[in-house]
Structure formats: C-alpha cells, structure tokens
Amino acid sequence: MIMTEKQLLQMLIRVQDELCITISINTHRTHPDNLSDRIKIKNFIGEAIDRLTDKGNTRDVAGLIKQLEKIAQELDINYNLESLHIFVSDTVAEVFKSSWETNQEGVHISNTFAVRPLVKEIGRQTSYLVMLLSQSGVHLFRALNGRIVEDISSEEFPIAENQFYNTFPDKSSDAKHLDDLLREYLNRVDKALLRYIGDTKSVTLVFCTENNYSKLLQVADRPSIYYGYLPIDYNNIETHQLESRAWNFMKQELVRKNEDYFKELEEAVGKGLVITDLQEIYRACQDGRGDILVVQESFHQAVKILSDQDIAIVDNPIGLDTVDDISSLLALLIDERGGQTVYVPQIPNEELQPIALKIRY
C-alpha cells in the first residue's frame, strides 16, 4: 500500500533505529537536466556508504549498504520533482519526491530521520484542478503541489470533442453564429465542472487559448472557480509537461496564502494568542492548543525530549530521545490534534521570528 505524505511522516518520525540515514538531493524534472541527477544520487549514496563503513564493522551495516545500493539501482530519474529524499534504517527504506527545493542537501546520519522535507511538503500543500480545454475535448486532472495525482474519469469528465459545430454551409462565414456555438460548448464544460466540484472551494487552472478562456469566463456561472489560464501548447500536453507549468503558476497561490497566515497571526497577537518561546510552543502542541504553527524555512533546532512537557536545546542531534529538527515533531503533534504547520521564507513581524504558534486558548 502506498502511504500518503502524512502517513510516511508519522512513521518516520517515530523510528529510532541505531542508524537512520537521510539523503536529500535537489533534482530536475526534465531531460537533459535530470541526467545529472543520476550522478549526484550515486555520489551521495557513495558518501553515505563511506560514512557507515567508518562508523563500525562492515558486517554491522551490511544491510543498510545493501538497501542504499538497491535504491541507487532502482530509482527512475525520469519522474523527479524539485528534490529527492531517501530514508534508510534497519527497519525502513523509503524514497520521497518533493515539489520544493531543499536547503539541506547532503547526507544526514543519526538515530532519527531528518523529516523536514516532508513537513514542508505537507505544510505548504496546495490542491487544485487542471483542465486541458480544446475543441477536440476536455480532460480534468487533480493536482497536489507539483504533481498531477489523478486523471479524472467520472460521469462528467473527460468530455468528448465539441459537438456544437456549424452544419449550415451558408453560415460558415457567420462570425456570430460560430461564436454562439463555441459559447454553448464552453457553457456545457462549465456546468460539467460545477457538477463535479459541487460546493467545494476547488480552484481550476485551465490550459487553453486566450479566446476560449475569455469566453469561458463570460458564460461561467461561478467565474471565481477559475484561477487562471496558461496558453495551450499541443506539442507539450503530456502529464509531466502540464504539471510542471501548472505548478510554477500555482506557486503564486502560496504567496497569497502566506499573507493570510501573517494577517491571522497579527490579529491573534492582539488577543494574546501567539507564543514564540520554543518550550512553551512544545507544551502547547502537546496539550492540543496549537492551531497554526508558522516556521521560517531557515529555522532548524535540535532538542532532547525530556518528557511530554519539557525539552532541552542541544547542539549535537545524536543521542537517545534527541530530535534533529523540533519543528518536524511540532508539526506532527499539531497535525494529530487538528492544527497545521506552515513554512514561509520569512515572518514579516521580527518579534515573531523565527517560529510562532497561534494557540486556540
């Protein structure tokens, strides 16, 4: 069974095998740039193996080395995203591909995994629909961050080619008649999309011509469900080509979302519902009071877990009950209790940097 990002995070963060290897690598989506990914992956895995060998008897780490070598052989670079993360221990062998670049590229070996990339993926998730609209038919896809995860097949989609074409020879040059036929077709497409999404707040990015998008908005019953459009390129309509262009466009949505989070934080400050002390944040998350945790991407702090109410800041992330990045644990605690974690480039209010928690009470 394929795990979701949240399930993978929950599993990884609880593992405390003697040796946990995390390898993080920035990668490329397209050829020929992705050819360099294979070399980089091989080099980082080689570095991990060398460091494992230095740590003790080769026989003690033989299983880990075998798993790393197997991953190196089986990885398909043709489906890379912005970064790749490998997690290997005596009980785990997982690969995660992220829609975000990593600023922690390299090999990490500890008794816990460096799960920040997963937290970042979950905390900055954007779900949306992608519509490929043309006179020859309409396809609808569901996307999550930088990946198209489903080619939707339902009662509504896909839609066959436009059946509203001119059948009267004497009207073949009648611009208004042809325009009315196109509008009727787009009206049917819009109503099909509305039936599919129902009352949800789904937004849809459309690949089509500028003319088609303009007319689609004119006939749409709820124009707000359309987030924007990208010019259709009939030579580049494979799924991986669509998702790359769509994700670059949709990243703008995250900028808007961040502004909403900052506004919510500021309003909560005035009500005394924001804390910035790491110890207090940890306790609030354990007690289920955490609502929204906002973390600057540059923030990284190892801690030792003393109890379910106390932590101690440490410089060295090695050791029993030590967590490499406390924000990863906080994110898990908040998620389990119905809150959310958001990673941002920078929190505008310096008094709230580098980590702030909006609490429920």
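**Pockets, a cavity and cores**

Colleague: How much space lies in the largest cavity?
Modeller: We're looking at a predicted model, where local features need pLDDT of at least 70, side-chain atom pairs count only at pLDDT 80 or more, and totals for chains, interfaces and linings use all residues. A cavity is a set of points on a 1 Å grid over the protein atoms alone where a 1.4 Å probe fits but cannot get out, and a volume is the space filled by probe spheres set on points joined across faces, edges and corners. Searching the whole structure turns up 1 cavity of 30 Å³ or more. The space in the largest cavity comes to about 120 Å³.

Colleague: Cool, and which element gives the largest share of its lining?
Modeller: There are 13 lining residues (with an atom within 4 Å of a point), and Glu 101, Thr 102, Asn 103, Arg 116 and Lys 120 are the ones nearest the centre of the largest cavity. Two elements, β2 (83-88) and α4, each give two or more residues to that lining; elements are DSSP runs numbered from the N terminus, with helices (H or I) of at least four residues and strands (E) of at least two. With 3 residues, the largest share of the cavity lining comes from α4.

Colleague: What about open spaces: which residues lie closest to the centre of the largest pocket?
Modeller: A pocket is an open set, with protein on both sides within 12 Å along at least five of seven lines. The largest pocket holds about 570 Å³ of space. Among its 20 lining residues, the closest to the centre are Tyr 79, Leu 81, Val 95, Lys 97 and Arg 147.

Colleague: Which elements supply at least two residues each to that lining?
Modeller: Look along the chain, using residues numbered from 1 as the sequence is written, with side-chain values based on heavy atoms and hydrogens and water left out. You'll find a mix of helices and strands lining the largest pocket: α1 (5-13), β3 (93-98), β7 (147-151) and α7 (239-270).

Colleague: And which element gives the largest share of the lining of the second largest pocket?
Modeller: The second largest pocket has a volume of about 310 Å³. It has 19 lining residues, and Ile 13, Gln 16, Ile 305, Val 323 and Leu 329 sit nearest its centre. Both α8 (278-286) and α9 (326-336) give two or more residues to this lining. The largest share, 5 residues, comes from α9.

Colleague: Now the inside: which residues touch the most other members of the largest nonpolar core?
Modeller: A nonpolar core joins buried (under 20% relative accessible area) Ala, Val, Leu, Ile, Met, Phe, Trp, Tyr and Cys residues through side-chain atoms within 4.5 Å. The largest one has 38 residues, and the ones touching the most other members are Leu 330 and Leu 357.

Colleague: Which element gives this core its largest share?
Modeller: The largest core has 38 residues. Two or more of them come from each of α1, α4 (116-123), α8, β11 (290-296), β12 (303-305), α9 and β16 (355-359). The largest share is 7 residues, from α9.

Colleague: Is Cys 285 buried or exposed?
Modeller: Cys 285 is touched by Leu 357, whose other contacts (heavy atoms within 4.5 Å) include Ile 281, Ala 284 and Ile 334. Because its relative accessibility is 1%, Cys 285 counts as buried.

Colleague: How far apart are the C-alpha atoms of Ile 313 and Tyr 79?
Modeller: Ile 313 belongs to strand β13 (residues 311-313). Beyond its neighbours within four places in sequence, Ile 313 is in contact with Leu 278, Gln 301, Ala 302 and Val 303. Tyr 79 is 234 residues away from Ile 313 along the chain, and their C-alpha atoms are separated by 39 Å.

Note on methods: Buried < 20%, exposed > 50% of the residue type's maximum accessible area, 1.4 Å probe, protein only.
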